Structure formats: structure tokens, C-alpha cells
Amino acid sequence: MTTEPDQPRRGVRPLLRPFLRRTLSLAALLLVACAAYLAWDAWNFLHGSPETPGKDITVEIEPGATLAAAAAQLQNQGAITNALRFRILARLQGKDQKIQAGRFLVHTGWTPQTVLDQLVSGRAMLFRVTVPEGRPWWEVARIMEDAGMCTAKDFEATIHDPEFLRHYGIPFASAEGFLYPDTYLMPHPRELDERAARAAAGRMIDTFWKRAAPLWPERPAPQTLRDAVTLASIVEKETGVPSERGRVAGVYANRLRKNMLLQADPTVIYGLGPSFDGPLLRRQLEDAANPYNTYQKAGLPPGPICSPGIAALKAAVAPEKHNFYYFVATGTDGGHTFSATLTEHNRAVQIYRAAMRRGGGGTPPAEEKTEAAPPPPSADKSEEAPPPQTPPAGD
């Protein structure tokens, strides 16, 4: 028995081939289109930014935060447009485990790559903190607290901590005098605790040693350091005229050499503490219980009275050599008149008072030497009376 060939079955393949070709071509086109779209989307993500021109925002990455958590936070705050794509970018570059914790300043006009680089670099957001010259520690503590770096209470405890002082080689009961006055760029701490205070104070003390290093080829002996920083702090408070610092230091060096009382108003004021708001009174000058009262106690005070700058430190280390023992404000240019004898000094005081009357000035500042003081109980009876620090004070 013979059968006829299956004609319809043989005709299926020719009919399917065009269909398959069209299907494959369409699929290929779709794949190319998808690839093109993905490439365009990736390029747009990598080179685009959430906003134009954009703005600064603060992003705080918590310690231990995962890449997913950090990316979601960045998207929520508008730093990036897509958290998933940002995570893929980080993983492709091997940076998914390198994002740092901290507070960062980013810009909504940045590309994702720039944002990623900022977080990986660890360049946390820095804040400008300026500590002027001549401030006592309690004012420095308030500056740090106002800047959000630590609490004033923790700062006070830190700079009086014996272990902290030993670590930094400070031979005093506090870090007064070593809190170097400067403008600092510092990150805000995550917690306002003792560690934050130690970081802030330590940064300032490190800066002191760095700036003061050229003054001493080798670390000075404790007593040398004590004398230099203490004298520098007095010089810092006595004059704001740069050219006078060495001369003022020379006056005090001469008086110390002659066993004369320093009679420096700023030391008395420092001993009265943060509550002092002036004017300086006679009973305060006569208060022998004030350990910083250089009207009553010979030699330098127990320690520095403020944070001196490098110019005052240089003046204290190398005072100007001269024969002056007195100085008083001129009353005209912010400077001082220096005298070798009490007679010359009293004459300069009268000139100062006349200038104050002509200018309508009031009571001179407590720091100025404006009156002849009674002779101190000096070991050298032949010495003239040292210069005073204040106008007549009354209760």
C-alpha cells in the first residue's frame, strides 16, 4: 500500500521562517532599544544632579550605617535621585564598604560620583571657630559651646584634668595659656560629651606646641615654660600694639630682676574670676587672699591669665632690653609712654590725664598704669615705687 506525501506538513517550515526572522529581528531591536535606554539612563544618572543650580545640605551618616541606609537617606534629603542606582555605582567601584560616618556638607547640584567621593573621603563638614587672643579659659569654653563643639562644663573639666594635662606636657593646674588663639575648622561631634571637649581642647593645645616650637629648639624645662607662658599672657592683656609687646615684656623682666612687685591689673582681674565686671576697686587691689594679686604678691602669678598669641610668646621669650620700669597709656593713639624713673612716670600720667580730659574720656581702663602706687614691701629699699595699675579705686 502506498501513501501520498504529506504536502501540508512540508509547507510549514517555509512559512515559519519569515515569522521567526521577524520575531528575532524585533527581539534584537528591543534588546538594542533596552540597552540604549539603559545606557542613556545610566549616563543621565551619572552626569545629572537632583537640582540646578542646587543648594548646600547637611547629611549625617550614622556610625555603622549600611550602604542601603545611607543611599536611602541621601535620596530622601535630595542629594541623589535614585538610591538603587547609587548603590550599584558604589558596588561597581568597590566603595560600598568605604562610606564614612559623620556630618557632611553636600550639594544638590553635584553628580552622584561627587557625592560618593565626598562620603568615601571622610571629609566631614567643618565649622569655623575663632578664638581671639587674650581670652581666659572660661571665655574660650563659652566660644566652644556656642560653636556646638562641646559644653562649657565638659571643657572646664577637661582642661583641669591632671591626666589630660600630663598627656600634653602642661606644668600647671589647668591648660590656661595653652589654648592657642586661632581660627579653627572643626567638625561637629556626634555627642556633646567629654570626648568632644577633649578633642576641642586637644586641638588647641596641639596648635600651641606647633606654633611655639620655633621658640624652643628643644622642649623647655617646666619652670622655663611656666615663666614664659605666664609672662606672655600678661603682655597679651597689657597691650594690643604689636610694636610694644617686646618693650612691655622688658618692663616686667626688669621689675622681676629688681624684686619689684609687678602690679599688673590683668592678673588681679583674672584672680577675681568670671564674675568680675569692673571697675577694679581699691579693696580688690589690697586683697592678699587673691593668689593672682601682683600688688600684694611678689614675682609672677601662679599661672597664665589668658591665651597669648605667638607675638606675645616671642616677646616673653626674648624681652626687649632697656631701662624702663613703668608705662602708662598715651591717651591718644592706643600706645603707651615708657619711663625709667617714677618722676618721669608721674609726668607721663599727668599728660595722659590731660589727654583724657581734652578728649572727654572717662575712667581709664583697669589695665592701664595711671597712678603712682605706694612703695611695695620690697627687699631692695633703695628701689623707687613700682608703677600702679589703676586710677584711685573706691568702694
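Colleague: What volume does the largest pocket have?

Modeller: About 360 Å³. Keep in mind that this is a predicted model, and the volume of the largest pocket is a value computed from it.

Colleague: How many residues line the largest pocket, and which lie nearest its centre?

Modeller: The lining consists of 20 residues. Nearest the centre are Pro187, His188, Pro189, Arg190 and Ala199.

Colleague: Which helix or strand gives the most to that lining?

Modeller: Helix 9 does, with five residues. At least two lining residues each come from strand 2 (102–107), strand 4 (183–187) and helix 9 (194–212).

Colleague: How do the residues of the lining divide by character?

Modeller: Ten are nonpolar, three polar and seven charged.

Colleague: Now a pair of helices. At what angle do the axes of helix 10 and helix 11 cross?

Modeller: Helix 10 covers residues 222–238 and helix 11 covers residues 245–257; their axes cross at roughly 125 degrees and come within 9 Å.

Colleague: Why is helix 10 called oblique to helix 11?

Modeller: An angle is called oblique when it falls outside the parallel, antiparallel and perpendicular ranges, and the perpendicular range runs from 65 to 115 degrees while antiparallel begins over 145. The crossing angle is roughly 125 degrees, and therefore helix 10 is oblique to helix 11.

Colleague: Is that crossing left-handed or right-handed?

Modeller: The crossing of helix 10 and helix 11 is right-handed.

Colleague: Which residues meet there?

Modeller: From helix 10, Leu231, Ile234, Val235, Glu236 and Glu238; from helix 11, Arg245, Val248, Ala249 and Tyr252. Six residues of this contact are nonpolar, none is polar and three are charged.

Colleague: Turning to the backbone, which residues does a cis peptide bond join, with omega of about 5 degrees?

Modeller: Threonine 52 and proline 53. Proline 53 sits in the loop that runs between helix 2 (12–47) and strand 1 (56–61). Another cis peptide bond links glycine 278 to proline 279, with omega about -5 degrees. Here proline 279 belongs to the loop between helix 12 (265–272) and helix 13 (282–285).

Colleague: And phi? What is the value for asparagine 259?

Modeller: Phi of asparagine 259 is near 60 degrees, which is positive in a residue other than glycine. Glutamine 263 is not a glycine either, and its phi is positive at about 50 degrees.

Colleague: Where is glutamine 263 found?

Modeller: In the loop between helix 11 and helix 12. Asparagine 259 also has its place in the loop between helix 11 and helix 12.

Definitions and conventions
Residues are numbered from 1 along each chain as its sequence is written. This is a predicted model: local features need pLDDT of at least 70, side-chain atom pairs count only at pLDDT 80 or more; totals for chains, interfaces and linings use all residues. Side-chain values use heavy atoms; hydrogens and water are left out. On a 1 Å grid over the protein atoms alone, a cavity is a set of points where a 1.4 Å probe fits but cannot get out, and a pocket is an open set with protein on both sides within 12 Å along at least five of seven lines; lining residues have an atom within 4 Å of a point. Grid points are joined across faces, edges and corners, and a volume is the space filled by probe spheres set on the points. Helices (H or I, at least four residues) and strands (E, at least two) are DSSP runs, numbered from the N terminus. Ala, Val, Leu, Ile, Met, Phe, Trp, Tyr, Cys and Pro count as nonpolar, Asp, Glu, Lys and Arg as charged, and the others, Gly among them, as polar. Axes are lines fitted to C-alpha atoms, for helices over the stretch in contact, and angles run from 0 to 180 degrees between N-to-C directions. Angles under 35 degrees count as roughly parallel, over 145 as roughly antiparallel, 65 to 115 as roughly perpendicular and the rest as oblique. A crossing is left-handed if the near helix is turned anticlockwise from the far one by less than a right angle, and right-handed if clockwise. Contact means heavy atoms within 4.5 Å.
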